[in-house]
Amino acid sequence: MALGTPQKRKTPLGVLVMLSALVVAAFLGAAVGLVWQKSGWFDEEIEDEVLTVDR
């Protein structure tokens, strides 16, 4: 005796949603990387030091 419907439920994979999320993430990551590179934040170069006391 069967205790349910004989048809199996298929869950949607959401392939288009996952693909679009991947494309958006790649685009945003590249854009943020370019902005970070052009901005010059956290450069390793030491700026000119200003001496206030003669030695």
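## Overall picture

Of the protein's 55 residues, 0% count as buried. The structure is a predicted model. About 6,500 Å² of the protein is exposed, and 65% of this area is supplied by carbon and sulfur atoms.

## The helix

The protein has 1 helix and 0 strands. Helix H1 covers residues 15–39. Its length can be checked with simple arithmetic: the 25 residues of H1, at 1.5 Å a residue, should span 36 Å. The end C-alpha atoms of H1 are 36 Å apart, so the model agrees with the expected value.

After H1 comes glycine 40. The phi angle of glycine 40 is positive, near 80°.

## A nonpolar patch

Leu16, Leu19, Leu22 and Val23 make a nonpolar patch on the surface, with an area of about 440 Å².

One of these residues, leucine 19, is found in helix H1. The relative accessible area of leucine 19 is 48%. Buried means under 20% and exposed means over 50%, so leucine 19, at 48%, is classed as partly exposed.

Conventions: Residues are numbered from 1 along each chain as its sequence is written. This is a predicted model: local features need pLDDT of at least 70, side-chain atom pairs count only at pLDDT 80 or more; totals for chains, interfaces and linings use all residues. Side-chain values use heavy atoms; hydrogens and water are left out. Patches are made of residues with over 30% relative accessible area and no salt bridge: like charges are joined within 9 Å, nonpolar side chains (Val, Leu, Ile, Met, Phe, Trp, Tyr) within 5 Å. Accessible areas come from the Shrake-Rupley method with a 1.4 Å probe; for residues, only the protein chains shown count as cover. A salt bridge is a side-chain nitrogen of Lys or Arg within 4 Å of a carboxyl oxygen of Asp or Glu. Helices (H or I, at least four residues) and strands (E, at least two) are DSSP runs, numbered from the N terminus. Buried means under 20% relative accessible area, exposed over 50%, partly exposed in between (1.4 Å probe, protein chains only). The expected span of a helix is 1.5 Å times one less than its number of residues.
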